[in-house]
Number of protein chains: 2
Amino acid sequence: MTAQRDYAALVQRGLSLDLTRGKPSPRQLDLSDDLLKLPASYRAADGTDGRNYGNLQGLAELRELFAPLIQVPAEQIVVGGNASLALMHDTIVHALLTPLPGAERRWVEEPEITFLCPVPGYDRHFTICERFGIKMVPVPMNAEGPDMDVVERLVAEDASVKGIWCVPKYSNPSGVVYSDETVRRLAAMPTAAPDFRIFWDNAYAVHHLTDEPAELADLLALSAERGNADRVFVYASTSKVTLAGSGVSFFGSSPANVKWFLHNTSKQSIGPDKINQLRHVEFLRDAKGVAAHMRRHAELIGPKFELVDKVLTERLGDLATWTSPKGGYFISLEVPHAAEVVAKAKAAGIALTPAGATHPYGDDPDDRTIRIAPTYPELDELEQAIDGLAVCVRLVAEERGRPSL
Amino acid sequence: MTAQRDYAALVQRGLSLDLTRGKPSPRQLDLSDDLLKLPASYRAADGTDGRNYGNLQGLAELRELFAPLIQVPAEQIVVGGNASLALMHDTIVHALLTPLPGAERRWVEEPEITFLCPVPGYDRHFTICERFGIKMVPVPMNAEGPDMDVVERLVAEDASVKGIWCVPKYSNPSGVVYSDETVRRLAAMPTAAPDFRIFWDNAYAVHHLTDEPAELADLLALSAERGNADRVFVYASTSKVTLAGSGVSFFGSSPANVKWFLHNTSKQSIGPDKINQLRHVEFLRDAKGVAAHMRRHAELIGPKFELVDKVLTERLGDLATWTSPKGGYFISLEVPHAAEVVAKAKAAGIALTPAGATHPYGDDPDDRTIRIAPTYPELDELEQAIDGLAVCVRLVAEERGRPSL
């Protein structure tokens with residue numbers, strides 16, 4: 001009955017801790033405080049006045065800075081506002097209302113649209129699909145990315161499959177980095193739908209936790225080599241590089257897709273916030289500047305990931321499994337009766353992303369995955385939260401008949 | 001043959017002048033250069049960290065600052081990105097894909113959607129309609145706004161009429177301010193469509209050229225009084241207050257519409273750029289600050305409007321008519337054979353918005369309206385351009401058989 005006693009003590013402490021969202025901590029945001037005083041000059045590299053209207057595609061110097069980091073040629077990048085999520089959402093809106101290159105019709109005219117959703121995955125991707133009535137089919141993730149046998153079969157068989165969500169590097173929430181073989185198969189696979197697209201949300205492209213950055217194969221280039229140039233939509237942002245709410249976002253794709261995208265966004269806006277783009281160019285300078293800045297992030301959040309691993313190891317042993325990612329923002333905890341664990345934690349003042357949120361329709365059929373977001377709290381609060389979470393895991397194991405350790 | 005000789009001389013000068021778009025001049029943008037060094041603090045008034053994710057509706061202090069200026073209660077305002085055009089575009093996207101309050105179905109399921117377009121009007125409004133296959137019906141403007149007899153008849157008769165575009169103050173391009181009677185009739189009129197909406201693009205709410213600011217009746221309040229609370233979508237922005245490319249935008253409406261709007265945008269974004277919102281609050285401070293700032297704009301552009309009026313009076317007399325607006329960004333020149341005049345001007349190096357752009361489908365049936373945007377060029381260039389334009393008007397009049405003056 002140790003776990004019950006520990007849980008009663010935990011509840012008595014009246015904690016109020018939040019591990020729900022992958023938010024940078026205030027100290028991480030402090031790293032970019034110079035941005036608040038920039039730009040020193042409102043002139044773009046080509047001499048234009050960054051303060052006025054125009055330049056729908058975004059400043060060349062910013063596109064060139066991020067081109068190697070997100071594996072898209074600068075001329076095939078469009079710079080968006082503060083949210084890559086908006087670029088993803090709006091890409092689907094555009095596809096619903098204006099035919100994609102290669103499409104037979106607008107998606108809104110299709111009897112059914114299906115997206116493949118590698119699980120566990122990112123809840124905000126699933127929310128976009130739900131909004132538009134896009135059917136979601138889960139695909140299991142393994143250590144190399146989504147199970148490509150399943151993906152290849154589904155895209156070949158079913159012409160309603162128009163998309164797949166991928167977070168290919170330090171995946172949300174599993175931390176998996178797609179293997180070269182996975183990327184090659186994604187680039188090459190035959191699809192029944194002529195307008196099938198891979199939504200390549202490279203949210204953690206430069207977000208390494210170790211000195212050995214993961215390498216990701218270049219899906220856009222490989223797809224073009226295999227005759228599938230228009231297959232890939234790349235997304236990225238500086239939300240977790242500079243300021244979470246005030247960064248810049250990127251859309252990258254084939255020339256035909258970029259033309260289609262700009263044709264649509266030209267009806268929506270006269271141009272992006274180029275002053276914020278200049279601010280980012282002055283602050284980050286070049287790829288080396290980005291790498292140095294990301295090392296400072298890693299110094300702040302690396303110890304948080306280590307702490308979670310240490311506490312879970314000490315408290316749970318083999319009662320659960322969890323990931324030890326080399327980058328990104330999440331640890332994925334796999335545990336029986338996840339929903340019960342999350343409920344117990346909530347009752348003890350520890351907020352976790354709802355169990356099931358990592359799966360389409362909030363339905364984790366095995367009820368196993370809990371997403372832990374360790375970046376926002378400072379170390380002492382994080383330790384309390386993970387310690388408390390471990391108590392909840394042990395309590396549920398005990399109540400469900402498995403002895404706590 | 002004076003006009004022909006003058007035109008030949010004009011062409012010989014090899015001008016390259018641009019009167020196409022309503023852009024602020026660099027000197028106007030200079031008025032807001034302090035913005036580039038702000039905000040001094042990243043803390044919102046409620047203590048939250050403006051650098052992080054969140055606050056989809058936008059900071060309360062910014063909503064409160066603009067509430068009286070755009071005639072929307074602060075709690076019914078949503079702050080958007082740098083472009084109110086995107087808010088308008090996205091409102092229509094949302095209505096196409098998610099039923100509006102009071103709607104029987106999503107607009108994409110309607111056999112036909114019609115928008116009334118007071119003419120002359122703003123070409124970017126018409127472009128949004130064209131993109132989505134929304135049928136546009138022109139309605140003539142008079143000195144008090146759109147011809148309300150026509151509007152009332154069309155909205156009462158035809159349930160496919162779901163919207164009307166209005167620029168109610170210093171209208172683009174006529175400069176007309178909607179009269180109280182027009183606003184009252186818009187608020188009260190019965191409509192066949194239960195989900196009819198007025199797109200109230202109050203782009204020039206505070207953009208006065210004289211010391212006698214035009215007053216506009218409060219459409220949102222009047223509509224609520226008349227039982228049509230959900231009828232109105234208000235839009236505004238600081239694009240022509242602070243920086244054209246880096247301002248903030250506003251959506252305002254009834255509580256039910258705001259809830260619907262936020263429900264939809266919550267799938268699109270985790271929140272707006274709150275640092276830019278703080279920047280604007282620190283810079284503009286309050287309604288008095290906005291008024292003082294707008295007077296500085298008027299000092300810069302007022303003389304440009306006066307110059308156009310002076311040159312046209314001297315050169316054209318009664319060969320044409322034009323507006324003398326008390327605010328906004330445009331002068332509307334009415335002249336026979338407008339398309340020919342624009343073509344002649346273009347051949348002489350004077351770029352004007354294409355004739356017809358002020359009408360749906362680019363079709364000005366009387367071929368009369370030329371939109372002049374006098375704000376961007378400095379006075380000497382503006383004088384050359386208007387002088388040249390007058391030469392073109394006289395040439396066309398001469399060629400078409402009406403003696404030049």
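## A tour of the interface between chains A and B

Start by selecting B:Arg51 and A:Asp30. Their side chains form a salt bridge, with N to O at 2.8 Å. Keep in mind that this model is predicted.

Which elements of chain A give two or more residues to the side that touches chain B? Select helix 2 (26–30), helix 4 (84–97), helix 5 (123–131) and helix 10 (274–284) of chain A. Now keep helix 4 of chain A on screen. Helix 4 gives the most to this side, with eight residues. Next, colour this side of chain A by class. You should find 24 nonpolar, 17 polar and 14 charged residues.

Now show both chains. How many residues of each are in contact? Chain A has 55 residues in contact with 55 residues of chain B. Across this interface there are four salt bridges by the rule. Polar contacts link 26 residue pairs between the two chains, counting pairs with both residues at pLDDT 80 or more.

Turn to area. About 4300 Å² is buried between chain A and chain B, and carbon and sulfur atoms give 54% of that. Select A:Arg51, A:Tyr53 and A:Arg131. In chain A, these three lose the most area to chain B, together 18% of what that side buries.

Last stop: B:Asn202. Look for B:Asn202 in the loop between strand 7 (197–201) and helix 8 (219–225) of chain B. Is B:Asn202 buried or exposed? B:Asn202 counts as buried because its relative accessible area is 2%, under the 20% cut-off. Now show what surrounds this residue. Leaving out residues up to four places away in sequence, B:Asn202 touches B:Gln71, B:Pro168, B:Lys169, B:Leu216, B:Tyr235 and B:Ala236.

Conventions
Residues numbered from 1 in each chain as written. Chains lettered and ligands numbered in written order. Predicted model: local features only at pLDDT ≥ 70, side-chain atom pairs only at ≥ 80, totals over all residues. Heavy atoms only, no water. Contact = heavy atoms within 4.5 Å. Buried area = accessible area lost by both parts, 1.4 Å probe. Polar contact = N/O pair within 3.5 Å; in protein donor to acceptor, adjacent residues only side chain to side chain. Helix = DSSP H or I, 4+ residues; strand = E, 2+ residues; numbered from the N terminus. Nonpolar A, V, L, I, M, F, W, Y, C, P; charged D, E, K, R; others polar. Buried < 20%, exposed > 50% of the residue type's maximum accessible area, 1.4 Å probe, protein only.
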